[in-house]
Amino acid sequence: MTTRSTVPALIVSGSFDAKTGASWGRYTARTLPRSTAVLIPGIGHWVVPQSPCAQSVLASFLARPTAPDTTCAAGLTPQPFTITPEPETA
């Protein structure tokens, strides 16, 4: 069943979300005409706690649900992915 609503909604997705992939944010927004979908690059499932930009977007949505400020997301890029090797044990 598809949810349809005209209530303002904020859809925040992390590009590294393995639980609910980022494409689901755009898909969800299709039937919510007053929604704002934001993709935060380099973040997994817990987007708002891990991203100062997502926190800013959420705060602006609460202040202006029909026009949140999403400009911080435009310049974000994922941090380089590295694996720290475990130290050798003797």
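Start by selecting Pro 49, which sits in helix 2. This is a predicted model, so colour by pLDDT before you go further if your viewer allows it. Pro 49 is exposed, with 61% relative accessible area. Now add Thr 31 and draw a C-alpha to C-alpha distance: the two residues are 18 places apart in sequence and 27 Å apart in space.

With the confidence colours on, look at the whole chain. The average pLDDT is 90, and 99% of the residues score at least 70. Helix 1, residues 23–29, is where confidence is lowest, at a mean of 88. Helix 3 is where confidence is highest, at 97.

Next, step along to Ser 51. You'll find Ser 51 in the loop between helix 2 (47–50) and helix 3. Is Ser 51 buried or exposed? Its relative accessibility is 4%, and the cut-off for buried is under 20%, so Ser 51 counts as buried. Show what surrounds the side chain: setting aside neighbours within four places in sequence, Ser 51 is in contact with Ile 40 and Ile 43.

Keep Ile 43 selected, because the name comes up again at the largest pocket, where Ile 43 is among the residues closest to the centre. That pocket has a volume of about 180 Å³. The lining takes in 14 residues, and those closest to the pocket centre are Pro 41, Gly 42, Ile 43, Thr 77 and Gln 79. If you colour the lining by class, you get 9 nonpolar and 5 polar residues, with no charged ones.

Now move to helix 3 (residues 52–63) and pick Ser 60, which lies in that helix. At 16% relative accessible area, Ser 60 falls under the 20% cut-off and is therefore buried. Which residues does Ser 60 contact, leaving aside its neighbours within four places in sequence? They are Pro 68 and Asp 69.

Stay in helix 3 for the sulfurs. The count of disulfides comes to 1, so there is a single pair to show: Cys 53 joined to Cys 72, with an S to S distance of 2.0 Å. Cys 53 belongs to helix 3 and Cys 72 to helix 4 (residues 71–74), so this pair ties together parts that are 19 residues apart in sequence. If you put a dihedral on the S-S bond, the torsion is about 80°, which makes the disulfide right-handed. As a reminder of what you are drawing, a disulfide is a covalent bond between the sulfur atoms of two cysteines.

Switch on a surface and compare the two ends of that bond. Cys 53 is buried, with a relative accessible area of 8%. Cys 72, on the other hand, is partly exposed, at 30%.

The last stop is Thr 66, in the loop between helix 3 and helix 4. What is its relative accessibility, and how does Thr 66 count? The value is 56%, so Thr 66 counts as exposed. Draw one more C-alpha to C-alpha distance, this time to Leu 10: Thr 66 and Leu 10 are 56 residues apart in sequence but 9.3 Å apart in space. To finish, show the contacts of Thr 66. Not counting residues up to four places away in sequence, Thr 66 touches Pro 8 and Arg 34.

Conventions
Residues are numbered from 1 along each chain as its sequence is written. Side-chain values use heavy atoms; hydrogens and water are left out. Helices (H or I, at least four residues) and strands (E, at least two) are DSSP runs, numbered from the N terminus. Buried means under 20% relative accessible area, exposed over 50%, partly exposed in between (1.4 Å probe, protein chains only). Contact means heavy atoms within 4.5 Å. On a 1 Å grid over the protein atoms alone, a cavity is a set of points where a 1.4 Å probe fits but cannot get out, and a pocket is an open set with protein on both sides within 12 Å along at least five of seven lines; lining residues have an atom within 4 Å of a point. Grid points are joined across faces, edges and corners, and a volume is the space filled by probe spheres set on the points. Ala, Val, Leu, Ile, Met, Phe, Trp, Tyr, Cys and Pro count as nonpolar, Asp, Glu, Lys and Arg as charged, and the others, Gly among them, as polar. pLDDT is the predictor's confidence in each residue, from 0 to 100. A disulfide is a pair of cysteine sulfur atoms within 2.5 Å.
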